[in-house]
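Got a few minutes and a structure viewer? Here are some short exercises, each with a worked solution, to help you find your way around.

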Amino acid sequence: MSWLDRLRGQPSPRETAKQRLQVILVHDRSDLSPGLLEVIKDEIIAVLSRHVPIIAEEVRVTVTQDARECRLVADIPLGNRHSRS
Amino acid sequence: MGAQVITVTSGKGGVGKTTVTANVGMALAMAGKKVVCIDADIGLRNLDVVLGLENRIVYDIVHVVEGRCRTRQALIRDKRVPDLYLMPAAQSRDKSAVKPEDMVRICEELRPEFDYILIDSAAGIEEGFRTALAPADLILLVTNPEVAAVRDADRVVGLVEAMGKPTPKLIVNRLKPDMVRRGDMLDTSDVLEILAIELLGVIPEDEQVIVATNRGTPVVLEERSPAGQAFRAIARRLMGETVPLFLSEDGQGVLGWLRRLVRSGGGR
Ligand SMILES: Nc1ncnc2c1ncn2[C@@H]1O[C@H](COP(=O)(O)OP(=O)(O)OP(=O)(O)O)[C@@H](O)[C@H]1O
Ligand SMILES: [Mg+2]
C-alpha cells in the first residue's frame, strides 16, 4: 500500500482482509446468513410484543464469538408503559 | 507404541500440502527417524514427483488395497536419507478406490515399523478427506495468509471437530514478510487470532521451493534455504523440541531486533 493511501487514513489491505474474514467466519461458523438474522429479529419482535412493549426499531440481533464459540445475542430495549401512555 | 500418524490437510487446494508432507517427512528422516509418506491424493498423485521418486514406482496404494501386492512391496525407499519411504497414490483411479477403513488398516500394518507416518491428502472436503483423516493421531492444517484459504481452513477445523478428531495444528505457508510489513498481507498473528488453533510453524515464500520441486530434491536438503529451515524447525517441534517461532514479519536475528527497536521508537 502506498504512502499516500496511508496518509489518507485508508485501512491497509491487511486490515481489510482481517475484518472481512471476521465477518465471513461469524456467518460460516454459525450457519446464519445476514438475511436469516433479519428474519429472526422480526420474529422475536413479533413474539415479544404480544407480552411486553418493546422498542422495535432499536432491537439488535447479532452473532458474537469468543475464540471458536458462537453466541446469538439479542438486545431488546423495553418500552416504558407508563411514560408512553 | 509404534508410529504417530500425521495427516496433512487443507481446505483450499494448492496451498502446499504436498510440499509440506515431502519436506517435513524428509526432515524427520534426516533427524534419524523412520518415516513413511503416503500419497492419499488418488488420481492426482504428486508426492512422488516432489520427492523425485517417480521413476521407481511399481506398485501403489490401490494395489495394496486390492490385495494385488503386499504393503511392503508398495514402499519405495529414498536413497538420500537412511529411512524414508513413499507409498505412492494410483494415478489412473479415483478417490473412492481407497476407503477410510483401508487407510486405517494400512497404517495399522505400518505402525510397528516406523516412527512417523505422514499422509498427504487431496484438496477438498469430500470422500478423500475422510479417508486421509481416518487413521490420524495428529492433523496439520496448511493455509496461506489469504482470505479464501483461511476461510476454507476454518471450515476444516469445524469438520475435524465434528468428526471427533483432535483439533488440527496450523502451518502458515508462503508468507511474504515484505508484504506483511507494508500492510499488504495478513500476518501469522492475524491468521492465528482468527482460526484460534495452535500454530506449528510458518514457512516463508521461497523461490527455492519451486527450483527444488523442478529437480525432485526437496528444499530441506538445501542448507541455506529459508523454507528449508522452516521445515526443519517444524520437524523438530514434532519430535518434541521447543524451537522459537518465526511469528512476526520482523523475522529473527539482529536485523529483526533492530527493526523492532526502530519501530517501537518511531511509532507506526
Ligand atoms: N513456501 C513456498 N514458496 C514458494 N512456492 C511454494 C511454497 N509452498 C508451495 N509452493 C508451490 O505452490 C504450489 C502448490 O504446492 P503443493 O502442490 O504443495 O500444494 P497442494 O496443497 O499439495 O496442492 P493440491 O491441493 O493440488 O494437492 C507448488 O508449485 C509449490 O512448488
Ligand atoms: Mg498436493
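Before we start: a contact here means heavy atoms within 4.5 Å. Also keep in mind that this is a predicted model.

**Exercise 1.** Work out what share of the contacts in chain A, among residues at least 6 apart in sequence, join residues at least 24 apart.

*Solution.* Step one: take the contacts in chain A between residues at least 6 apart in sequence. Step two: pick out those that join residues at least 24 apart, and you get 39%. Try chain B with the same recipe, and the figure there is 75%.

**Exercise 2.** Describe the build of chain A: which elements does it have, and in what order do they run from the N terminus?

*Solution.* Start by counting: chain A has four helices and two strands. Then walk along from the N terminus, and the order reads α-α-α-β-β-α. Next, look at the overall dimensions. Along the principal axes, the C-alpha atoms of chain A fill a box of roughly 60 × 30 × 20 Å. The radius of gyration of chain A is 19 Å, whereas a compact globule of 85 residues would have one near 12 Å. Finally, check burial: 24% of the 85 residues in chain A are buried. The exposed area of chain A is about 6200 Å², with 54% of it supplied by carbon and sulfur atoms.

**Exercise 3.** Now do chain B: how many helices and strands does it have?

*Solution.* The count for chain B is 11 helices and eight strands. Its radius of gyration is 19 Å, close to the 18 Å that the globule rule gives for 268 residues, so chain B is as compact as a globular protein of that length. The C-alpha trace of chain B spans about 70 × 40 × 35 Å along its principal axes. Of its 268 residues, 54% count as buried. Chain B exposes about 11600 Å², and carbon and sulfur atoms make up 50% of that. To round off the chain, look at its charges: there are 35 positive and 37 negative ones, and their mean positions sit 3 Å apart.

**Exercise 4.** Trace the open sheet of chain B and say which strands stand at its edges.

*Solution.* First, a reminder: strands of a sheet pair through backbone hydrogen bonds, either parallel or antiparallel. The eight strands of this open sheet in chain B follow the order E3-E4-E2-E5-E1-E6-E7-E8, and the pairing is mixed. Strand E3 (76–77) and strand E8 (199–204) of chain B are at the edges with a single partner strand each, so one side of each has no neighbour in the sheet. Now zoom in on one edge. E3(B) runs antiparallel to strand E4 (residues 84–87) of chain B, and two bridges join them. One bridge to find on screen pairs B:Ile76 with B:Leu86 in E4(B).

**Exercise 5.** Decide whether strand E6 (residues 138–143) of chain B is largely enclosed or open, and name its partners.

*Solution.* Buried means under 20% relative accessible area. Six of the six residues of E6(B) are buried, so the strand is largely enclosed by the rest of the structure. Next, think about faces: in a regular strand the side chains alternate between the two faces of the sheet. On one side of E6(B) you'll find B:Leu138, B:Leu140 and B:Val142, and on the other B:Ile139, B:Leu141 and B:Thr143, all buried. Then come the partners. Strand E1 (residues 4–9) of chain B pairs with E6(B) in the parallel sense over four bridges; here B:Ile6 has B:Leu138 as its bridge partner. Strand E7 (residues 169–175) of chain B also pairs with E6(B) in the parallel sense, over four bridges, and B:Thr143 has B:Val172 as its bridge partner there.

**Exercise 6.** Find A:Asp31 and B:Ala196, and say what sign phi has in each.

*Solution.* A:Asp31 lies in the loop between helix H2 (13–30) and H3 of chain A. Its phi is positive, about 60°, although A:Asp31 is not a glycine. With 66% relative accessibility, A:Asp31 counts as exposed. Over in chain B, B:Ala196 is in the loop between helix H8 (188–195) and E8. Phi of B:Ala196 is positive too, near 50°, again in a residue other than glycine. At 32% relative accessibility, B:Ala196 counts as partly exposed.

Methods
Residues are numbered from 1 along each chain as its sequence is written. Chains are lettered from A and ligands numbered from 1 in the order in which they are written. This is a predicted model: local features need pLDDT of at least 70, side-chain atom pairs count only at pLDDT 80 or more; totals for chains, interfaces and linings use all residues. Side-chain values use heavy atoms; hydrogens and water are left out. The radius of gyration is taken over C-alpha atoms; the globule rule is 2.2 Å times the number of residues to the power 0.38. Buried means under 20% relative accessible area, exposed over 50%, partly exposed in between (1.4 Å probe, protein chains only). Accessible areas come from the Shrake-Rupley method with a 1.4 Å probe; for residues, only the protein chains shown count as cover. Lys and Arg count as positive and Asp and Glu as negative; His and the chain ends are not counted. The place of a charge is taken as NZ of Lys, CZ of Arg, CG of Asp or CD of Glu. Two strands pair if DSSP finds at least two bridges between them.
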